[in-house]
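I opened this model to go through its packing, its rings and its cysteines. My notes follow in the order I looked things up.

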Amino acid sequence: MKIKRMSKLCFALLGSMIGTTLLILLINQIVKMLPLYIDGALMRFVLLGCNSIGYFVLFWLFSHIVDKKPIQEISMGKAFSIVEGIKYFVFLMGFSPVISLLSRGLMIVLARVTGQKEANAGLVEELVNAAPPVLIIICVAVIAPLMEELLFRKVLLERLLPYGKAPAILISSIMFGVFHANFEQMFYTILLAVVCSNIVIQTGKVRNAVYIHMAYNMWGSVVAPQTLKSIPEVIAVIQIVFTIAAVIIFVKCRKSMFVSMKEKEETFEWKRELCSVGSVAYLLFFIGMGIEALMK
């Protein structure tokens, strides 16, 4: 029986996640055995950095059996100016809070269905508040964006491009969101992935998506929580301005910023591919992790 492309990629991602988890557990045990006095927050961020690197390296190794279509072959070759970067950044900043509100609502509903008193929200804030800004910048705003873009917008996207640009963007973005394994981050990271995938296909260069991802994480993990947390009114005003600007940008520039989702592709059979063994296993595994996180 021929294993479908989607199944191979999903199993490769699952394998990279399981392999990295085992590696992190091993590192953690070794550190505990050594006479080292490492702060808990510092250790948490060190392991987070190792996670990001491990996911990329293992997936790169496991996915070599799947043929790819280089991004340069289908790239539109558009220039990526500072103005274009600002457009994408403002778009993300404007719509992310709206999506976050919707995901928080979903978490509350799920919490009530599962019998929890409160939704397990604030995972990101808890992580950000647990370490000094320097560690956050290194791990969350530099290492994680770099490794995630190389994994999802380079290795994975190129192996999905034989299906066509639109399916590759949608599938890789959903897989990226689900990969975060918690409902708080899942939906706005799908939006981030859609934006970054479009940037890569528009320009042909992954580094442009890395810049936007770094700026996005820097704002969400350092600038807003560290410098503006004492003045929530300012944050609210900034978010309103971002949202209004994002709507205007989407209305006026969506055709030049995003690949048309109406693109017809005959090579991708949605039902058969998404219902393949690997796809189902991938979704069930990470959604199960999300539910487990919700119930803690």
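**Core.** I started with the nonpolar packing in this predicted model. The largest nonpolar core holds 61 residues. Leu-13 and Tyr-282 have the most contacts inside this core. I then asked which helix gives the core its largest share. Helix α8, residues 183-203, does, with 11 residues. I also found a second, separate core of six residues. Phe-45, Leu-135, Val-140 and Val-222 are among its members. I note the general background: in soluble globular proteins, nonpolar side chains tend to be buried together.

**Tyr-282.** I went back to Tyr-282, one of the residues with the most contacts inside the largest core. What does Tyr-282 touch, leaving aside its neighbours within four places in sequence? I listed Cys-10, Leu-13, Leu-14, Met-175, Val-178 and Phe-179. Leu-13 turns up again here, as a contact of Tyr-282. Tyr-282 has 1% relative accessibility, so I count it as buried.

**Overall fold.** I stepped back to the whole chain. The protein has 12 helices and zero strands. Read along the sequence, the pattern is α-α-α-α-α-α-α-α-α-α-α-α. Of the 296 residues, 44% count as buried. I checked the contacts between residues at least 6 apart in sequence. Of these, 83% join residues at least 24 apart.

**Aromatic pairs.** Next I looked at the rings. I count 14 aromatic pairs. Why is the pair of Phe-152 and Phe-176 edge-to-face? The ring centres are 4.9 Å apart and the planes stand at 75°, over the 60 degrees needed, so the pair gets that label. This pair links distant parts of the chain. Phe-152 lies in helix α6, residues 133-160, and Phe-176 in helix α7, residues 165-179. They are 24 residues apart. Both Phe-152 and Phe-176 are buried.

I compared this with Tyr-282 and Phe-286. Their pair is tilted, at 4.8 Å centre to centre and 55° between the planes. Both lie in helix α12, residues 277-295. They are four residues apart, about one turn of the helix. Phe-286 counts as buried at 1% relative accessibility.

Then I asked which residues form the aromatic cluster. Tyr-55, Phe-152, Phe-176, Phe-179, Tyr-282, Phe-285 and Phe-286 form one cluster. Both pairs that I had just looked up are in that list.

**Charges over rings.** I noted two arginines here. The charged end of Arg-5 sits over the ring of Tyr-163, 5.6 Å from its centre. Arg-254 lies over the face of Phe-250, at 5.9 Å from the ring centre.

**Arg-153.** I picked this residue out in helix α6. Is Arg-153 buried or exposed? Its relative accessible area is 0%, so I log it as buried. Its side chain makes a polar contact of 2.7 Å with the side chain of Glu-149. I left aside neighbours within four places in sequence and listed its other contacts. They are Ile-71, Glu-148, Phe-176, Ala-193, Cys-196, Ser-197, Val-200, Val-206 and His-213. Phe-176, from the edge-to-face pair, is in contact with Arg-153. I also took a C-alpha distance to Ser-173: 9.0 Å in space, with the two positions 20 residues apart in sequence numbering.

**Thr-203.** I moved to helix α8, where Thr-203 is found. Thr-203 is buried, with a relative accessible area of 6%. A polar contact of 3.0 Å joins its side chain to that of Asn-208. A polar atom of the Thr-203 side chain also lies 3.3 Å from the backbone nitrogen of Lys-205. Not counting residues up to four places away in sequence, Thr-203 touches Ser-75, Gly-77, Lys-78, Phe-80 and Asn-208.

**Cysteines.** I closed with the sulfurs. A disulfide is a covalent bond between the sulfur atoms of two cysteines. How many disulfides does the structure hold? I found zero. For Cys-139, the closest cysteine sulfur is in Cys-50, 8.5 Å away, which is too far for a bond. Cys-139 is buried, with a relative accessible area of 7%. Cys-275 is exposed, at 59%.

Notes:
Residues are numbered from 1 along each chain as its sequence is written. This is a predicted model: local features need pLDDT of at least 70, side-chain atom pairs count only at pLDDT 80 or more; totals for chains, interfaces and linings use all residues. Side-chain values use heavy atoms; hydrogens and water are left out. Rings of Phe, Tyr and Trp (its six-membered ring) pair if their centres lie within 6.5 Å; planes under 30 degrees apart count as stacked, over 60 as edge-to-face and the rest as tilted. Helices (H or I, at least four residues) and strands (E, at least two) are DSSP runs, numbered from the N terminus. Buried means under 20% relative accessible area, exposed over 50%, partly exposed in between (1.4 Å probe, protein chains only). A charge sits over a ring if NZ of Lys or CZ of Arg is within 6 Å of the ring centre and within 35 degrees of the ring normal. A disulfide is a pair of cysteine sulfur atoms within 2.5 Å. Contact means heavy atoms within 4.5 Å. A polar contact is a pair of N or O atoms within 3.5 Å; within protein, one must be able to donate a hydrogen and the other to accept it, and residues adjacent in sequence count only if both atoms are side-chain atoms. A nonpolar core is a set of buried Ala, Val, Leu, Ile, Met, Phe, Trp, Tyr and Cys residues joined through side-chain atoms within 4.5 Å.
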